[in-house]
Amino acid sequence: MKGLVIKNTGSWYTVKADNGKIIESKIKGNFRLKGIRSTNPVAVGDRVELITNQEGTAFISAIEDRKNYIIRKASNLSKQSHILAANLDQAFLIVTISHPQTSTTFIDRFLAGAEAYRIPVVLVFNKHDVLDEDEVRYEGMMVNLYETIGYQCKVICAKTGEGVDELRKMLQGKITLFSGNSGVGKSTLINQLLPDAHLRTSEISEAHDAGMHTTTFSEMLEFPGGGYVIDTPGIKGFGTFDIEKEELTSYFKEIFEFSKDCKFSNCTHTHEPGCAVIRAVEDHYISASRYQSYLSMLEDKDENKYREAF
Ligand code: GDP
Ligand code: ZN
């Protein structure tokens with residue numbers, strides 16, 4: 001029997017079998033995944049094979065190849081990591097122009113990380129209702145900037161539900177990660193999309209009461225129309241610690257396009273003569289904020305500060 005892992009409590013995995021049945025499953029003690037050193041071999045989003053037993057539970061006997069996965073490093077010293085979720089189809093990054101203002105550096109770091117993991121991102125601009133005239137203009141500029149680069153943008157108001165129906169359609173049949181700084185309205189939006197989402201908070205606190213580690217608990221919530229949202233506590237972005245300096249350019253789509261015309265193939269676009277990227281920034285083909293974000297990520301790597309986005 002095959003199915004989808006929808007919840008991981010640390011000891012049990014809840015699997016939704018392809019016939020619709022929910023089966024509590026365990027992994028065999030000697031179960032190991034080749035090539036990945038992680039504290040958990042199975043994660044939400046994994047497609048698994050099950051061997052059921054008489055008690056109505058099952059053993060996970062195999063995991064299908066993942067198309068992607070997101071990890072959290074256990075610590076800076078250890079090479080072990082924790083797999084937070086697998087097989088993401090897309091990420092919604094919820095941002096706000098004010099109350100609170102999401103910085104462009106935060107957005108661009110998230111986008112670069114998502115490019116590295118090859119996960120499409122939709123930028124969701126929430127709290128449109130609180131913006132004054134100038135802020136509405138600024139929001140329009142941001143939407144224009146990111147749409148021009150190639151990212152889908154949606155302006156919504158989670159509180160009133162404006163624009164939420166359109167998002168609901170985009171979630172159907174997909175596994176979606178919701179991310180964003182605290183206070184931008186993620187819970188409000190999920191509550192709009194999932195009328196019974198209040199269940200999840202109580203479930204999580206029950207898990208806490210049982211002395212469970214937040215880091216091992218993860219869950220996907222199923223939408224009535226099909227599709228899942230990953231609701232793992234503490235995912236703010238993708239770990240960008242393992243992106244090499246030389247690779248960084250390719251994760252800023254428009255910078256990458258211009259970099260093809262740089263004089264030197266190993267150009268870092270910081271000072272080199274004949275740099276097509278610097279010229280494009282001066283000519284306003286590349287936005288100053290995007291270039292600043294690129295430089296700030298590059299600088300982190302220079303200083304060997306392998307900062308994670310979590
Ligand atoms: P989270 O930390 O991202 O989960 O944010 P919450 O969903 O808890 O929202 C933070 C605050 O913003 C709450 O007081 C919400 O009522 C408020 N909020 C969320 N969405 C909107 C919106 O579209 N407009 C306005 N005015 N407030 C919102
Ligand atoms: Zn260059």
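How far does a backbone N or O atom of Gly 183 lie from an oxygen atom of ligand 1? Keep that question in mind as you work through these exercises on a predicted model.

**Exercise 1. Describe how the protein holds polar atoms next to ligand 1.**

Solution.
- Step 1: Start with the opening question. A backbone N or O atom of Gly 183 is 2.7 Å from an oxygen atom of the ligand.
- Step 2: Turn to side chains. In Asp 129, a polar side-chain atom is 2.8 Å from a nitrogen atom of ligand 1.
- Step 3: Add Lys 127, where an N or O atom of the side chain is 3.0 Å from a ligand oxygen.
- Step 4: Check these distances against the cut-off for a polar contact, a pair of N or O atoms within 3.5 Å.
- Step 5: Look at the ligand's surface. On its own, ligand 1 exposes 580 Å², and the protein buries 71% of that.

**Exercise 2. Work out which residues make up the shell around ligand 1.**

Solution.
- Step 1: Count the shell. There are 15 residues around ligand 1, and the closest are Asp 129, Gly 183, Lys 186, Ser 187 and Thr 188.
- Step 2: Sort the shell by class. You should get 7 polar, 4 charged and 4 nonpolar residues.
- Step 3: Ask which element gives the largest share. Helix H4, residues 186-193, does so with 3 residues.

**Exercise 3. Find the buried residues of H4 and explain how they are arranged.**

Solution.
- Step 1: List them. Leu 189, Ile 190 and Leu 193 are the buried residues of H4.
- Step 2: Look down the helix axis. The buried residues of H4 fall within an arc of 100 degrees, so they line one face of the helix.
- Step 3: Recall a general rule. An α-helix has 3.6 residues a turn, so residues three or four places apart point the same way.

**Exercise 4. Compare two histidines: is each one buried or exposed?**

Solution.
- Step 1: Place His 99. This residue sits in the loop between E8 and H1.
- Step 2: Read its backbone angle. His 99 has a positive phi of about 55 degrees, although it is not a glycine.
- Step 3: Check the accessibility. With a relative accessible area of 54%, His 99 is exposed; the cut-off for exposed is over 50%.
- Step 4: Follow the chain onward. The peptide bond from His 99 to Pro 100 is cis, with omega near -5 degrees. Pro 100 is placed in the loop between strand E8 (90-96) and helix H1 (104-116).
- Step 5: Now take His 269, in the loop between helix H6 (253-259) and helix H7 (276-282). Its phi is positive too, near 65 degrees.
- Step 6: Finish with accessibility. His 269 counts as buried at 2%.

**Exercise 5. Describe the surroundings of Glu 254.**

Solution.
- Step 1: Locate the residue. Glu 254 belongs to helix H6.
- Step 2: Decide on burial. Glu 254 has a relative accessible area of 11% and is buried, since buried means under 20%.
- Step 3: Name the partners. Apart from neighbours within four places in sequence, Glu 254 is in contact with Ile 149, Ile 286 and Arg 290.

**Exercise 6. Step back and summarise the whole chain.**

Solution.
- Step 1: Count the elements, which are 8 helices and 13 strands.
- Step 2: Find the buried part. Of the 310 residues in the chain, 47% are buried.
- Step 3: Consider the surface. The chain exposes about 15500 Å², with carbon and sulfur atoms supplying 50% of it.
- Step 4: Look at contacts. Among those between residues at least 6 apart in sequence, 65% join residues at least 24 apart.

Note on methods: Residues numbered from 1 in each chain as written. Chains lettered and ligands numbered in written order. Predicted model: local features only at pLDDT ≥ 70, side-chain atom pairs only at ≥ 80, totals over all residues. Heavy atoms only, no water. Near = heavy atom within 4 Å. Polar contact = N/O pair within 3.5 Å; in protein donor to acceptor, adjacent residues only side chain to side chain. Areas by Shrake-Rupley, 256 points an atom, 1.4 Å probe, with all protein chains shown as cover. Helix = DSSP H or I, 4+ residues; strand = E, 2+ residues; numbered from the N terminus. Nonpolar A, V, L, I, M, F, W, Y, C, P; charged D, E, K, R; others polar. Buried < 20%, exposed > 50% of the residue type's maximum accessible area, 1.4 Å probe, protein only. Contact = heavy atoms within 4.5 Å. Arc of directions from axis to C-beta.
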